Amino acid sequence: MSDHADPVSLAILTSGGDAPGMNPVVRAVVRTALHVGARPFAIREGWRGAIDNLIEPLVWSDVSSILDKGGTVIGSARSTEFRERDGMRKVAANLVRAGIDRLVVIGGDGSLTGADTLRERWSGLLEELVEAGEIEADLAARHPELHIAGVVGSIDNDMVGTDMTVGTNSALCRIIDAIDALTSTAASHQRVFVVEVMGRRCGYLALMGAMAGGADDVIIPELPPEDGWEDAMCEKIRAGRAAGRRDSIIVVAEGCMDRHGEKITAQRIQAAIKERTGESPRITALGHVQRGGTPSAYDRWMSTLLGYTAALEVIRAEPGEESCIIGIRNNRLQRLPLVETVANTKKVIDYLEEGDYEAAVRSRGTSFSRIKSLFETLSSPLGEDRYFKDGWRPRVAVLHAGGLAPGMNAAARSAVRLGLDRGFEMLGVEGGFPGLIRGDIRPLSWGDVDGWVSLGGAELGTARSVLGIEDYFGLARSIEANGLDAVIMIGGLAGYETAWNMAKEADRYTAFRLPLICVPASIDNNLPGHDLSIGVDTALNTNVETIDKIRRSASASRRCFVVETMGRKCGYLALMSALSTGAEQVYLHETGVDLAMLTKESERMNRAFDGSRSLYLAIRNEDASKYYTADLLRRVFQQEGHGAFSVRSTIIGHQQQGGIPTSYDRTLAVSLAALAIDEVTAQLEKKERVGARYIGQHNGKLESHPIMRMDEEMDMKNRVPLDPWWISALPVLYTVAAREDTS
Ligand code: ATP
């Protein structure tokens, strides 16, 4: 913190289009400021409110119960007056009179550009105000600079340089819900639906929505389709029908053009399909539904981290520091230069005007281009069988192991389609490794996996058992008898351990020397070599939905809830559930639970209920402690509350495994399945069988490691990774939950 005599004052404003997740940022900024002794203010109604002096101090409770609210509780507006120097002068006067020279601005590129212009002009504006006698010279002297930290709030995800913007994930959830609903009605009537999504200049929502929704085709602004696209689209629809598809979904972003600058609207697509196929496609424009509603889990926990970091950034800003944006790269927060980031974002429009589509797509990042190309492959039905080489179709089996994880089907579908495209014969194994021993194997075609992208559960079944010495003979025999050239295991630790055991026995059983690729799918998020496994985002969203309901149930009573989540000994799910629902405390295996903690917690709880509190929420990871169970915690808190409040414990249980996969899990499933197919391809091509490997996305990079190194990354006794990257979010939870200590 700077050494001002007065406490540092900072203001927060939300500007431009609203986005779900803005409120969690506001909450985190306010509470972080209070936690470090700064004074937070809200500027209501965006830049217009700054002109109209709608600036007011905020206290802790002003941002209570807003984590789950869509939009922005402090209001947003657009203001033409703020674009002019005169408007900015009014803003400078209002801010400096309130003692504010630090701003956290949540908005799109326009709002952030405006903020930086205000920063640039700040000292000049204050001089003018002093000269005009509107403010005192010593007031101006105490605030020589304006410091800005930006958080990008925009459902479009159109800021170059940051992976995600606040609201995008929630908007994708709405899009996927809509596409899933349309798919079932489209399939019933074998109908084509054209779905228009938001994104005037950015095709992120359209592309990810199409990918996660299993659409037939997508049109995005960055890549206007080549002439003749109407024929190609209709041909794709026809080929899909021939391959067994009953539904056809075309996704188009609202701002698309063709290569001649003519708009490609949903109506134009509808007419083109009607003219060529005689079918009568239906149009669904999702409109503002995409913007509204409660924020997703991601838009709560990530926005909380963004708000916390932005507040500290602006409070600790030193003289002469340039404005920054707190962005997200590879699930980690990053400080980005505001001016450069906004300029790079604006360049995309120039690229499109110049017809440099390659540059436009490239500026969206490598994963955008990768997903675009994977979408093309996954959505294009294969005509006839392909061969890997010289008439050879390697036989590649797909199976699941471990507990159910939402998204397993999406991963299996992608592996099958991408494998067929490579010239593999793809086989599905029913019931995991035990099924493989039994020989429960069937070929899977492109059409067989149609619709799997949105299915919860596992169509191929799964098995939790780890195979041991008594199973090796049967397993090796089955691999040989079925002529398997490779196995892709999509699942959890039981699958990894079986693969590990097989690798260890590969000298004795030569059948085990085949490429065996482990793809992380587990709601526990406890596997090596990756940040997030398939299924965990869905489980987290299930928890958030459930805990929201629990919170509401307590609104009319004085109640403490102890909610238990899954995760085995890995606390990811518990901590992120706590951060996303505004819990006061979280019990993790990583940090342990002891009697001293519970004593402190009881005291804290009593103090809270002595005040105005009607709810106290504590989240417990299922294996946080062997002895301090959810029920025991309930009894302790009940006893220590001496009747001042009641305590209930709830175990969320298997709903966490059974959800419909979120868009994040579906896209991750595609990405990891593609990497698994690349790994198999590389090993088969080289004829150098390096055997079992596990893959994952770690720190933004897709990586693959030999399974024999698993114990270097894992605490095998507790079955958790050695380096839980997410644990750094714990102090943030305690900061925004107003604990006097942060432990
Ligand atoms: P969205 O993603 O919803 O478009 P945005 O922040 O880009 O969000 P804009 O309408 O461009 O939305 O900007 C919001 C407000 O920010 C404007 O009404 C205006 O007050 C201010 N603003 C935008 N651009 C500038 C600019 N170049 N200079 C000064 N102020 C600006």
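Two residues are in contact here if their C-beta atoms, placed from the backbone, lie within 7 Å. With that in hand, 79% of the contacts in the protein chain with a separation of 6 or more come from residues 24 or more positions apart. What you have above is a predicted model, in which local features need pLDDT of at least 70 and side-chain atom pairs count only at pLDDT 80 or more, while totals for chains, interfaces and linings use all residues. Residues are numbered from 1 along each chain as its sequence is written.

Let's start with the overall picture. The protein chain has 24 helices and 24 strands, where helices (H or I, at least four residues) and strands (E, at least two) are DSSP runs numbered from the N terminus. Its radius of gyration, taken over C-alpha atoms, is 27 Å, close to the 27 Å that the globule rule (2.2 Å times the number of residues to the power 0.38) gives for 743 residues, so the chain is as compact as a globular protein of that length. Along the principal axes, the C-alpha atoms fill a box of roughly 90 × 70 × 45 Å. Of the 743 residues, 54% are buried; a residue counts as buried if 20 or more other C-beta atoms lie within 10 Å of its own, as exposed if 12 or fewer do, and as partly exposed in between, with C-beta atoms placed from the backbone.

Now find the open sheet of four strands, in the order S7-S8-S6-S9 with parallel pairing; two strands pair if DSSP finds at least two bridges between them. Strands S7 (217–219) and S9 (282–285) stand at the edges with a single partner strand each, so one side of each has no neighbour in the sheet. From one strand to the next, the twist averages 20 degrees.

Walking across the sheet, S7 pairs with S8 (residues 248–253) over three parallel bridges, and Val218 has Val251 in S8 as its bridge partner. S8 and S6 pair in the parallel sense over six bridges, with Ser248 in S8 as the bridge partner of Val192. Four bridges then join S6 to S9, again running parallel, and Glu196 stands opposite Ala285 in S9.

Strand S6 (192–197) deserves a pause. Six of its six residues are buried, so S6 is largely enclosed by the rest of the structure. In a regular strand the side chains alternate between the two faces of the sheet. Here Val192, Val194 and Glu196 point one way from S6, while Phe193, Val195 and Val197 point the other way.

Two helices lie across S6, S7 and S8: H7 (residues 204–213), at about 165 degrees to S8, and H8 (residues 229–242), at about 150 degrees to S8. Axes are lines fitted to C-alpha atoms, for helices over the stretch in contact, and angles run from 0 to 180 degrees between N-to-C directions.

Beyond S9, the loop leading to helix H10 (297–315) holds Ser296. Ser296 is buried, with 28 other C-beta atoms within 10 Å. Not counting residues up to four places away in sequence, Ser296 touches Asn169, Ser170, Cys173 and Asn541.

Finally, turn to the ligand, which 17 residues surround (C-beta atom, placed from the backbone, within 6 Å). The closest are Gly16, Gly17, Gly108, Gly110 and Gly114. Helix H4 (residues 109–131) gives the most to this shell, with six residues.
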